[in-house]
Amino acid sequence: MANRGANRTRLLWVSLLVTSLFLITLDLRGINLINSIRTGSQSFLAPIQRVGSNVLSPFSNLFTDLSNFGRTNSKIDSLKTENEELRSQLIFNKNVLGELEQLKGVLDLAGQARFKVVAARVISKGGTGTFSETLVLDAGSDAGIKRDMTVIASAGLVGVVKSTTKSSAVVLLMSDPSFRIGVRIAGTQDMGILSGEGEGKFSLRMLSATGQLKPGDVLLSRGSSGDKPFVPGVPVGKVITIDNSTGQLTKQGRVMGFVDLNALGVVSVVVDSMGRNPGDALVPKAPAPAPTVTVFVTPKPSPTE
Amino acid sequence: MTFNRVPAIFATFLLLFLLQESLLNKIDFFIGGFSLYLAFFMAWIMQDERNSAVATGFIAGFIADLSPTLEAPFGLWTFILTAMSYVMATNVRAALDAELSPVVMSAVTVIGSSIALFSFVICGAILGQEVGSTSYVIQEIFGNALWTLLLSPLYVPIAIGVYRATLTARNR
């Protein structure tokens, strides 16, 4: 009797496993039904994610803030003197201000390059179970966003639009392991391929054996045919180390992205590059050195002397 | 397994999926991330009888595959969770005491979630998905295990309560 029960379970298990393998096969063969199931779920999720984003925005960096707790003790002490109403108001204002600053930055960058952009808020991120670095935006095809459009933030490249619905878009971040972009070094124009490696890490491989590479070199997007998926001239990152191991045909290096991909609130999607190539115009300016302050002290005789 | 439990199981995991996608994914967990969905699934499966566990694995996997940010082929989570559910409900459950203590429940949940994520990476890689460097994968799985363990006092009692609430009079 128990054996019959076990056999029935095994039969159910095998049938369901075969069904799941059938679903995988359909997806790998590019059957439309499977694609439309995910697009449908994205359309369904977008409004809920938007509400979730609004509810959670003051707390989304809670753990990072907690890790910096020791360093911000003095700031917390001063804040304790303020009442609860002012504190919550401050959190709200800071959040709005942060988003405004990001929006201003990204519009400045797009304005400098004369790109036509659509601004959008980040409403969700790809989770642990997906093993992909993605964002969900609150604007989609209704705002003119299409697949394979470049996404930028105030400091440079963020990623590329992977899919859209009417009111949302999924962006593949440049740190995703499957992300590749052709880049050129500002100044020398030597070309290379930048690859995402997850968690904000990037590697660069030069295309030519004679291509020169040194720490501090600024990388800009090379641009694609028809500006899809990448428009040219967008700052991508800065070379931090060079891999000098022998046996390599071309130089390789580690790169730090200009954009902090974990702290994105507002981004812009380049809907039209207007056929322009900004060249090296978008290279971030080095910060001006702080002026040295010299204080002269003239000793005064004390009244007792 | 009675078929009238299916809507309750579906609704529970759909609700969890919405919670995961709209709120938990937005939180920066400092190290890796936390999949409440997987943790809840493991805690649920440990209490279920075999037939029901296998069906729950299929339903939960199918819902997880709906994630729009997923790069892997549709059906991969369905495959992994269906396979895991059978192994958990037969081999693992049989090796444990009839009454599960909260500590055992937490430990099984942590190990089960980590194995599910690891299997997902391996199967994804076999199917051609790019999953990143080894250190990235280890960090993600370790981070998830850490948060699954730390937050187990919160979600394990809820999982037990919700599971019992979905039982029909005949199941009880």
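Begin by selecting the strands of chain A that form its barrel: in this predicted model, 6 strands close up in the order 1-2-5-4-3-12, with antiparallel pairing. Stepping from one strand to the next, the twist averages 45°.

Within that barrel, isolate strand 1 and strand 2 of chain A, which pair in the antiparallel sense over 3 bridges. To place the register, display A:Lys125 and look across to strand 2 of chain A, where A:Leu135 stands opposite. Now add helix 2 of chain A, which packs on the sheet and touches strand 1, strand 2, strand 4 (156-164) and strand 5 of chain A; the direction of this helix makes about 80° with that of strand 1 of chain A.

Next, move along chain A to residues 180-185, which are strand 6, and to residues 191-196, which are strand 7; these two strands run antiparallel and are joined by 5 bridges. Here A:Gly182 has A:Ile193 of strand 7 of chain A standing opposite. The two strands form a hairpin with 5 residues between them, and in the turn you can pick out A:Gly187, whose phi is positive at about 100°.

Keep strand 7 of chain A selected and add strand 8 (residues 202-206), since the next hairpin of the tour is found there. Strand 7 and strand 8 of chain A pair in the antiparallel sense, again over 5 bridges, and the bridge partner of A:Gly196 in strand 8 is A:Phe202. This hairpin has 5 residues between its strands, and A:Gly198 in the turn has a positive phi of about 85°.

Finally, show chain B and turn to the interface. The contact draws on 58 residues from chain A and 55 residues from chain B, and the two chains bury about 5,100 Å² between them, 66% of it on carbon and sulfur atoms. Which residues form the 1 salt bridge found across this interface? Select A:Lys162 and B:Glu71, whose closest N and O atoms are 2.6 Å apart. Polar contacts across the interface of chain A and chain B come to 14 residue pairs, counted with both residues at pLDDT 80 or more.

To see what chain A brings to this contact, colour helix 1 (2-28), helix 2 (32-56), helix 3 (62-67), strand 1 (116-125), strand 2 (134-137) and strand 5 (169-173), each of which supplies at least two residues of the side that touches chain B. Helix 1 of chain A gives the most to that side, with 17 residues. Coloured by residue class, the side of chain A that touches chain B divides into 24 nonpolar, 23 polar and 11 charged residues.

Key
Residues are numbered from 1 along each chain as its sequence is written. Chains are lettered from A and ligands numbered from 1 in the order in which they are written. This is a predicted model: local features need pLDDT of at least 70, side-chain atom pairs count only at pLDDT 80 or more; totals for chains, interfaces and linings use all residues. Side-chain values use heavy atoms; hydrogens and water are left out. Contact means heavy atoms within 4.5 Å. Buried area is the accessible area (1.4 Å probe) that two parts lose on being put together, summed over both. A salt bridge is a side-chain nitrogen of Lys or Arg within 4 Å of a carboxyl oxygen of Asp or Glu. A polar contact is a pair of N or O atoms within 3.5 Å; within protein, one must be able to donate a hydrogen and the other to accept it, and residues adjacent in sequence count only if both atoms are side-chain atoms. Helices (H or I, at least four residues) and strands (E, at least two) are DSSP runs, numbered from the N terminus. Ala, Val, Leu, Ile, Met, Phe, Trp, Tyr, Cys and Pro count as nonpolar, Asp, Glu, Lys and Arg as charged, and the others, Gly among them, as polar. Two strands pair if DSSP finds at least two bridges between them. Axes are lines fitted to C-alpha atoms, for helices over the stretch in contact, and angles run from 0 to 180 degrees between N-to-C directions.
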